[in-house]
Amino acid sequence: MMNSMEEKRTPIELEGEGTKPAKHKELHGKSPRRRREVKRPHQRSNGQESGSHQSFEQHEALEQRQSVTCDEMTENLPKKSDRCRRAHFLHGPYPTTHFGPKACILPNPTSVMHIQDPASQRLMWSKPPVNVLVIRKIRDEGLLEPFKELCRFLVKEKQLMVYVEKKVVDDGRLVTDATFCDIRKQLCTFREGFDDISNCIDLIICLGGDGTLLYASSLFQDSVPPVMAFHLGSLGFLTPFKFESYKSEVEKVFEGNAAIVLRSRLKVKVVKGLFQRSKQLSGPEENGTIPHQHLSPDAGKITLQLQVLNEVVVDRGPSSYLSNVDLYLDGRLITSVQGDGVIVSTPTGSTAYAAAAGASMIHPNVPAIMVTPICPHSLSFRPIVVPAGVELMIMLSSDARNTAWISFDGRKRQEIQHGDSSSSSRVIISKSFPLLC
């Protein structure tokens, strides 16, 4: 339907080219009544012909002025050639803003989410990078030599400050290696949970699989530096670089203008207490919506706040009973999930646990959140995709037989207590955007 509407505006666009074939196409694109008006001047005298021709030109000028009014309102929007070019990528063409010869949409920059073309996302440095964080997969002897080779390259050849975990430097095989002793003394160490390095790291280099990159993401709960992930683990969905060419790949990143992929994360808060359920309200809920004065995300005590790259999993834990949790979308009750649990994942996490639970895979540039039930005891609830700007809330149902457990990218697992009839634990999920290579 939108394509046909754009074709109707083709004569106006071709008219600006000033070619005769364009004018010929314009006459054939008119309605039957207008074609008869154009033919009548040829049957009259010369004076009448010029007068009719002049009125026809005035009519055309009036139509052009009316179309220009809509065009001026959308002059900053991409051209049609750009819209067609975007169709070759994963995103659809730019939405049509003209409907018929007279109607158009008033541009509102706050109502349209502009997504950058994945092919045009490039990395740029405001200052040369100085501090590099190297994350290595623990308990993998095969990564010892690549780790030492990379550290030598960064310290000796590139003259950079290299940060590594203290438990990696204290590895007995590195301590007893005499050839690596000088490099080991120049490494800066840190301990997770004790030292804050979020404001001093310019680039992250991961040696391992997808789990290593997830661990690197968990170290930065605010802004995430660019990440280079070399495929040296079991899974490689998030590790596109090969270590055989690490020198040339690192050089390209340091020079800038390197291709990047923007991956979104979930901002999660675990809140306990001070939540009044709908059955305690003075009036019934309307269409499953709880009034905002009784559903405040900030009410209660925030016991944990994290940003996760893959998914948030709420499951039944060690209990043999089915879990029973309520899912709210912007304060509106969507459904009660009865089964083994529910997965809330990013597009990046759609290739992980959600894919094993039967969900579809989503490209990381798509602004969305996926909700996937785990073995649901229902035929109606299947994986759903919601917009990225919504806020999800998960809490135990009032008739739940047992508690639930929650984990964040497979880490920091904790129990969600049932609570009484007037208070309960709940999980609030929204979205944020880090920068990943």
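How many aromatic pairs does a search of the whole structure find? The search finds 5. Please keep in mind while reading that this is a predicted model. Here are some notes to help you find your way around.

1. **The overall picture.** The protein has 437 residues, and 41% of them count as buried. You will meet 13 helices and 21 strands along the way. Taking contacts between residues at least 6 apart in sequence, 71% join residues at least 24 apart. About 24,200 Å² of the protein is exposed, with carbon and sulfur atoms supplying 53% of that area.

2. **An edge-to-face pair.** Back to the 5 aromatic pairs: Phe 153 and Tyr 246 make one that is edge-to-face, with 5.7 Å from centre to centre and 90° between the planes. Phe 153 belongs to helix α7 (residues 144-157) and Tyr 246 to helix α12 (residues 246-255), so this pair ties together parts that are 93 residues apart in sequence. Phe 153 has a relative accessible area of 3%, so the residue is buried. Tyr 246 counts as buried too, because its relative accessibility is 4%.

3. **A stacked partner.** Tyr 246 also pairs with Phe 243: their ring centres are 4.6 Å apart and their planes meet at 10°, so this pair is stacked. The cut-off to remember here is that planes under 30 degrees apart count as stacked. Both Phe 243 and Tyr 246 are buried.

4. **The aromatic cluster.** Which residues join Phe 153 and Tyr 246 in one aromatic cluster? Phe 230, Phe 241 and Phe 243 do. It is worth picking out these rings in your viewer before moving on to the next point.

5. **Leu 207 and its neighbours.** Strand β7 (residues 203-208) holds Leu 207, a residue that is buried with a relative accessible area of 0%. Leaving aside residues up to four places away in sequence, Leu 207 touches, among others, Phe 230 and Phe 243, which are also members of the aromatic cluster. Its contacts further include Val 134, Ile 135, Arg 136, Phe 147, Leu 150 and Leu 232. The C-alpha atoms of Leu 207 and His 231 are separated by 6.9 Å, although the two residues are 24 apart along the chain.

6. **Charges over rings.** Two of the residues just named, Arg 136 and Phe 147, are both touched by Leu 207, and they also meet in another way. The charged end of Arg 136 sits over the ring of Phe 147, 5.8 Å from the ring centre. Elsewhere in the sequence, Arg 191 places its charged end over the ring of Phe 194, at 4.5 Å from the centre.

7. **Cysteines.** How many disulfides does a search of the whole structure find? The count is 0. Cys 188, for instance, is in no disulfide, and the nearest cysteine sulfur, belonging to Cys 200, is 8.5 Å away. For a disulfide, the two sulfur atoms would have to be within 2.5 Å. Cys 375 is exposed, with a relative accessible area of 54%.

8. **A buried aspartate.** Is Asp 326 buried or exposed? Asp 326 counts as buried, because its relative accessibility is 9%. You can find Asp 326 in strand β13 (residues 323-329). Its side chain is joined to that of Ser 336 by a polar contact of 2.7 Å.

Key:
Residues numbered from 1 in each chain as written. Predicted model: local features only at pLDDT ≥ 70, side-chain atom pairs only at ≥ 80, totals over all residues. Heavy atoms only, no water. Phe/Tyr/Trp six-rings, centres within 6.5 Å; stacked < 30°, edge-to-face > 60°. Helix = DSSP H or I, 4+ residues; strand = E, 2+ residues; numbered from the N terminus. Buried < 20%, exposed > 50% of the residue type's maximum accessible area, 1.4 Å probe, protein only. Lys NZ or Arg CZ within 6 Å of the ring centre and 35° of its normal. Polar contact = N/O pair within 3.5 Å; in protein donor to acceptor, adjacent residues only side chain to side chain. Contact = heavy atoms within 4.5 Å. Areas by Shrake-Rupley, 256 points an atom, 1.4 Å probe, with all protein chains shown as cover.
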